[in-house]
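Reader: Please take one part of this structure and look at it closely for me. Then show me what lies around it.

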Protein chains: 2
Amino acid sequence: METLKVDVGHARYPITIGPALLARRDLLDAQIAGEAVLIVSNSVVAPLYAARLRSGLAGRRVADCILEDGEQYKTLQAAGRVFDALVAHRLNRDATVLALGGGVVGDIAGFAAACYQRGVAYAQFPTTLLAQVDSSVGGKTGVNHPGGKNLIGAFYQPVAVIADTDTLATLPDRELRAGLAEVIKYGLVCDPPLFAWLESNASQLLARDAAALTHAIARSCAIKASIVGRDEREHGVRAILNFGHTFGHAIEAATDYREYLHGEAVALGMLMATDFSNRIGLIERSVVERVRALLTLAGLPTVPPRIGRTRALELMQMDKKVLAGAVRLILLERLGSAIVTSDYAAGALEATLTEYLE
Amino acid sequence: METLKVDVGHARYPITIGPALLARRDLLDAQIAGEAVLIVSNSVVAPLYAARLRSGLAGRRVADCILEDGEQYKTLQAAGRVFDALVAHRLNRDATVLALGGGVVGDIAGFAAACYQRGVAYAQFPTTLLAQVDSSVGGKTGVNHPGGKNLIGAFYQPVAVIADTDTLATLPDRELRAGLAEVIKYGLVCDPPLFAWLESNASQLLARDAAALTHAIARSCAIKASIVGRDEREHGVRAILNFGHTFGHAIEAATDYREYLHGEAVALGMLMATDFSNRIGLIERSVVERVRALLTLAGLPTVPPRIGRTRALELMQMDKKVLAGAVRLILLERLGSAIVTSDYAAGALEATLTEYLE
């Protein structure tokens with residue numbers, strides 16, 4: 001078991017990573033105050049793990065709210081269902097919302113907790129690798145709008161993140177690999193030793209070796225906690241965690257969010273962002289080849305769909321991270337160090353888009 | 001024109017009070033950044049004042065979202081309509097939401113601004129006396145749930161409050177009087193000179209004398225700004241602003257929110273809270289009579305409906321300000337000084353409820 005701390009100034013909370021944590025009543029008693037809780041989960045995860053979590057909550061008043069599974073249900077209406085459950089069970093300001101599931105469940109439940117009675121406590125129990133290394137940490141909560149992803153939300157920190165690695169046992173291989181994309185990202189933007197460790201240990205991770213998974217998750221959370229502690233609201237350094245996401249977002253949007261898991265699109269986006277960083281002279285060609293090789297080793301895609309450079313550029317400009325028309329990109333200045341810039345030759349961007357997307 | 005400042009530490013903003021402010025382009029340019037704005041208003045206020053505000057916004061990109069008028073429309077769905085408008089007009093993080101209307105419009109628009117892209121700027125243009133002296137200041141935003149008022153919301157401060165007293169010209173008399181109830185409240189809980197001034201100037205206020213209204217609004221806002229500056233999230237002193245509200249809430253709820261305006265119910269509640277403060281020996285009987293006399297002078301009700309003490313107590317206990325069964329009440333320890341307590345003889349509370357409600 002590994003324990004880390006997040007400290008954003010106005011809020012501090014522990015992240016605990018390891019096996020058999022869901023039913024650990026001592027841990028839950030120490031980290032979750034309040035006698036009444038609402039478990040928010042979905043129809044796939046709840047049958048697998050809700051009973052385990054309930055056993056860790058013995059002695060408390062426990063209600064639940066089971067949402068439908070899938071990104072298409074990450075809506076304001078789903079948040080409304082959580083409000084309905086909180087009201088129906090007469091939960092008050094002392095209640096704690098427990099998000100048991102992947103990123104979708106965590107985002108909805110966190111947003112509902114942020115708004116219910118202008119803010120009640122919530123804790124994250126992430127059950128996917130992606131949620132354990134990324135979305136459960138840092139307090140970005142929210143739901144999608146038909147006009148765009150995560151357009152409605154709040155910055156709202158949990159009181160605890162408890163990542164039980166046993167829950168990864170039932171995670172489909174494809175989702176495990178997609179989660180690895182974000183781990184690779186942390187190595188690329190700020191941790192060369194992690195990148196090198198991944199080059200040596202990708203196969204152990206894919207084989208779900210417990211020690212390897214715990215190390216990868218703990219290292220990822222430590223990096224995210226440190227960055228979020230310095231820049232909760234993404235006014236500065238937190239933006240580097242979007243490495244690969246602007247290209248990836250264009251690929252996801254152009255394929256209607258149906259063909260690629262988020263992590264797969266990010267993998268493709270990271271490769272393109274690395275290629276572009278090389279093209280404008282920031283890094284050596286060898287870095288691009290190491291990225292491609294590691295993505296391949298991790299079973300992630302390296303050949304993007306032919307969505308066309310014009311459509312891609314349009315989608316990148318629509319992305320909400322774009323200010324006043326200039327596409328701000330996260331680029332590598334070396335392996336392990338990222339910069340945010342909109343100062344580059346437009347021709348170079350076109351060249352990368354042409355090579356990968358035409 | 002009077003200008004005040006609110007300072008809650010992480011946010012500071014001006015409150016400007018006076019005639020002919022809506023069309024004051026210099027003022028708006030100074031206080032509202034961003035080229036693109038969304039005016040959120042309702043079907044009663046927009047035809048009266050939206051054009052005036054638009055003239056003050058000349059040169060900007062202005063869109064609007066006109067909601068239905070009435071507390072029954074203060075719903076998550078209404079906030080959803082504001083999100084739809086923000087997305088439809090492709091407004092981004094630099095946009096500012098402008099709430100033009102009473103408390104309902106301000107609460108919905110403020111909540112939508114708090115959530116859109118995890119927070120965009122908003123400014124309050126309150127057009128009712130109640131909103132000008134109370135709800136537009138202090139950052140409580142939110143919507144109702146069928147299970148209770150303001151159950152969904154956020155603490156989120158505006159970038160400016162601009163109270164154009166000219167908009168009170170079209171306010172129905174009954175709503176003007178209801179707004180005065182909150183002004184009287186400020187006198188009672190922390191400003192004896194204001195209370196005495198109201199005793200001498202109630203008729204000027206009811207006659208809509210511009211100087212008298214500006215004074216009453218400015219003094220109310222100064223008090224609220226000072227209290228909110230010390231306790232934004234109502235962990236302590238801010239609770240005294242709920243004076244009369246626990247009794248008033250029971251009256252509103254027992255009459256299905258149909259018979260009394262909020263300020264009218266608060267007037268009745270303040271009288272009962274004052275009576276109760278006297279009954280347990282905190283204040284002289286003469287204070288109760290001064291309160292009754294001032295409410296009468298202001299044209300506010302002083303005889304509550306016969307809702308019964310049992311039902312009232314039940315509703316007071318359901319109120320979300322009640323912790324673990326004990327009804328916390330805001331009481332007067334003298335005119336101009338309030339305390340929060342749940343330490344009193346239950347019999348005394350029953351006596352007040354019996355005298356006023358049976």
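Author: Start at a turn in the backbone. A:Gly299 has a positive phi of about 75 degrees, and this glycine comes just after helix 11 of chain A. Keep in mind that the model is predicted.

Now step back into the helix itself. Helix 11 of chain A covers residues 285-297, which makes 13 residues. From first C-alpha to last, helix 11 reaches 19 Å, close to the 18 Å expected at 1.5 Å a residue. Which of its residues are buried? They are A:Val287, A:Val291, A:Leu294 and A:Leu295. These four sit on the same side of helix 11 of chain A, because they cover an arc of only 100 degrees around the axis. The other side has exposed residues: A:Arg285, A:Ser286 and A:Glu289.

What covers the buried residues of helix 11? The cover includes three helices of chain A: helix 6 (173-190), helix 7 (192-206) and helix 10 (262-279). Strand 10 (329-334) of chain A is also included.

Take helix 10 from that list. Helix 10 of chain A has 18 residues. Its ends, first C-alpha to last, are 25 Å apart, close to the expected 26 Å. Buried or exposed? Helix 10 of chain A is mostly covered, with 18 of its 18 residues buried. A glycine follows here too: A:Gly281 comes after helix 10 of chain A, with a positive phi near 85 degrees.

Next, the sheet of chain A. Seven strands form an open sheet, in the order 1-2-9-6-5-3-4, with mixed pairing. Strand 1 (2-7) and strand 4 (61-67) of chain A each have a single partner strand, so one side of each is left without a neighbour in the sheet. Direction ignored, neighbouring strands of this sheet are turned by 20 degrees against each other on average.

Look at one pair. Strand 2 (residues 12-18) and strand 9 (residues 160-164) of chain A run parallel, joined by four bridges. A:Gly18 has its bridge partner in strand 9 of chain A, at A:Asp164.

Helices pack here as well. Helix 4 (residues 103-115) of chain A packs on the sheet and touches strand 3 (36-42), strand 4, strand 5 (96-101) and strand 6 (121-126) of chain A. The direction of helix 4 makes about 170 degrees with that of strand 5 of chain A. Helix 8 (residues 210-230) of chain A lies across strand 1, strand 2 and strand 9 of chain A. Helix 8 runs at about 15 degrees to strand 1 of chain A.

Where do the two chains meet? In all, 19 residues of chain A are in contact with 20 residues of chain B. On the side of chain A that touches chain B, helix 3 (76-88), strand 7 (140-145) and strand 8 (148-155) of chain A each give two or more residues. Strand 8 of chain A gives the most, with six residues. The residues on this side of chain A divide into nine nonpolar, eight polar and two charged.

Now cross to chain B. Start with B:Arg177, which lies in helix 6 (residues 173-190) of chain B. B:Arg177 counts as buried because it has 23 C-beta neighbours inside 10 Å, and the cut-off is 20 or more. Leaving aside neighbours within four places in sequence, B:Arg177 is in contact with B:Ala298, B:Gly299 and B:Leu300. B:Pro193 is 16 residues from B:Arg177 along the chain, and their C-alpha atoms are separated by 20 Å.

Chain B has an open sheet of seven strands, ordered 1-2-9-6-5-3-4, with mixed pairing. Strand 1 (2-7) and strand 4 of chain B are the edge strands, and each pairs on one side only. Helix 2 (residues 45-56) of chain B packs on the sheet, and its direction makes about 160 degrees with that of strand 3 of chain B.

Finish with strand 3 (residues 36-42) of chain B. Strand 3 is mostly covered: six of its seven residues are buried. Seven bridges join strand 3 to strand 4 (residues 61-67) of chain B, and the two run parallel. B:Val37 stands opposite B:Val62 in strand 4 of chain B. B:Ser41 has B:Ile66 of strand 4 as its bridge partner.

Key:
Residues are numbered from 1 along each chain as its sequence is written. Chains are lettered from A and ligands numbered from 1 in the order in which they are written. This is a predicted model: local features need pLDDT of at least 70, side-chain atom pairs count only at pLDDT 80 or more; totals for chains, interfaces and linings use all residues. The expected span of a helix is 1.5 Å times one less than its number of residues. A residue is buried if 20 or more other C-beta atoms lie within 10 Å of its own, exposed if 12 or fewer, and partly exposed in between; C-beta atoms are placed from the backbone. The arc is that of the directions from the helix axis to the C-beta atoms. Two residues are in contact if their C-beta atoms, placed from the backbone, lie within 7 Å. Ala, Val, Leu, Ile, Met, Phe, Trp, Tyr, Cys and Pro count as nonpolar, Asp, Glu, Lys and Arg as charged, and the others, Gly among them, as polar. Two strands pair if DSSP finds at least two bridges between them. Axes are lines fitted to C-alpha atoms, for helices over the stretch in contact, and angles run from 0 to 180 degrees between N-to-C directions.
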